[in-house]
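Please open the model in your viewer and keep the selection panel at hand. The tour goes from one selection to the next and says what can be found at each stop.

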Amino acid sequence: MDTKESFAVVTGASQGLGKAFVEHLAKKKINVILISLPGQNVASLSEKIAKTYDVKTHYYEIDLSLNENVMYITEKLNMSFNIYILINNAGLGGTRKFVDATPDYINTILQVNVMATSLMTHQLLPNLLKQPKAYILNVSSMAAFSPIGFKTVYPASKTFIHSFSRGLHEELKDTNVFVSVVNPGAMKTNKDVCERIEKQGFLGKLTLLDPNKVAARCVNQLFKRDSVIMVNPISWLVMKILPIWIKLPLMTNAIKKEIEA
């Protein structure tokens, strides 16, 4: 296939894991479309990636928490580009007592994590199906494997992403579109995140990952057609082995320490 005129789409592309995805795709000479919230310097990043790796880049600044924006951007992408990779990386966390959460807080997490991922995939799937080979990677979380007090909505949304990805993989397994999901832990995206996670104690430190290493492994495993990508096998094993009556209070207490700190 002529990848010179085909593109990968990465949401949440301006920083952290999304930025790392963009760089590792570009290193493989894959053209990239960067989607980010406004005001996050995605224009300069897009230009830098294009010059550094000699690939074509485009960028869009848009808030994916609004369904009409998702419909708008996917229509624009379908009209303008051949898309053979979709990485649904955009996501929102959040740590607070549920009673103190505002309706907007709850709605935004669900809209970005659940609705934007579902709608982006649904609207771009016909485009992906037209390509000789195509790939979808959805970014879930280790939180998908356990509910957590003081987070409540976030783990539930990531459980949806994991289940959605596995189901879609099975549905599309006889097509040209391969679907994968990755469940990383917290990322070393900046000093504040590292300090916040370290306050959770041993469990937090165990899941703290380097986004560049995660992105590199994900891109490599995606092309090897790995449907569930593991980037932290130790924490994954702990989450799978521990019974819910142990890991639920364990993780909740870790988050409670973070709030109190």
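Rings of Phe, Tyr and Trp, the last taken by its six-membered ring, are paired here if their centres lie within 6.5 Å, and planes over 60 degrees apart count as edge-to-face. The model is a predicted one, and by this rule the count in it comes to three aromatic pairs. To see one of them, select Phe7 and Phe81, whose ring centres are 5.0 Å apart and whose planes stand at 65°, so that the pair is edge-to-face. Because Phe7 belongs to strand 1 (residues 6–11) and Phe81 to the loop between helix 3 (67–80) and strand 4 (82–88), this pair ties together parts that are 74 residues apart in sequence.

Next, select helix 1 (residues 16–27) together with helix 2 (residues 42–53), whose axes come within 10 Å and cross at roughly 25°. Since angles under 35 degrees count as roughly parallel, that makes helix 1 roughly parallel to helix 2, and helix 1 passes helix 2 in a right-handed crossing. On the side of helix 1, show Lys19, Val22, Glu23, Ala26 and Lys27, and on the side of helix 2 show Leu45, Ile49 and Tyr53, which together make the contact. By class, the residues of this contact of helix 1 with helix 2 are five nonpolar, no polar and three charged.

Keep helix 1 on display and add helix 8 (residues 211–223), which packs with helix 1 at an angle of about 50°, the axes being 8 Å apart. Helix 1 and helix 8 are therefore oblique to each other, and their crossing is right-handed. Helix 1 brings Gly16, Leu17, Ala20, Phe21, Glu23, His24 and Leu25 to the contact, while helix 8 brings Pro211, Asn212, Val214, Ala215, Ala216, Cys218 and Val219. The residues of the contact of helix 1 with helix 8 divide into 10 nonpolar, three polar and one charged. Glu23 of helix 1 is worth labelling, as it appears in the contact with helix 2 and in the contact with helix 8.

Now move to helix 4 (residues 103–129) and helix 5, which pack at an angle of about 10° with their axes 9 Å apart; the two are therefore roughly parallel to each other. Among the residues to select are Ile106, Asn113 and Thr121 in helix 4, and Val153, Lys158 and Leu168 in helix 5. The contact of helix 4 with helix 5 has 10 nonpolar, five polar and one charged residues.

As a last stop, which residues does Asn176 touch, leaving out those up to four places away in sequence? Select Asn176 in the loop between helix 5 (153–171) and strand 6 (177–182), and then show Leu128, Leu129, Gln131, Pro132, Lys133 and Ala134, which Asn176 touches. The side chain of Asn176 reaches the backbone oxygen of Leu128 at 3.0 Å.

Note on methods: Residues are numbered from 1 along each chain as its sequence is written. This is a predicted model: local features need pLDDT of at least 70, side-chain atom pairs count only at pLDDT 80 or more; totals for chains, interfaces and linings use all residues. Side-chain values use heavy atoms; hydrogens and water are left out. Helices (H or I, at least four residues) and strands (E, at least two) are DSSP runs, numbered from the N terminus. A polar contact is a pair of N or O atoms within 3.5 Å; within protein, one must be able to donate a hydrogen and the other to accept it, and residues adjacent in sequence count only if both atoms are side-chain atoms. Contact means heavy atoms within 4.5 Å. Axes are lines fitted to C-alpha atoms, for helices over the stretch in contact, and angles run from 0 to 180 degrees between N-to-C directions. Angles under 35 degrees count as roughly parallel, over 145 as roughly antiparallel, 65 to 115 as roughly perpendicular and the rest as oblique. A crossing is left-handed if the near helix is turned anticlockwise from the far one by less than a right angle, and right-handed if clockwise. Ala, Val, Leu, Ile, Met, Phe, Trp, Tyr, Cys and Pro count as nonpolar, Asp, Glu, Lys and Arg as charged, and the others, Gly among them, as polar. Rings of Phe, Tyr and Trp (its six-membered ring) pair if their centres lie within 6.5 Å; planes under 30 degrees apart count as stacked, over 60 as edge-to-face and the rest as tilted.
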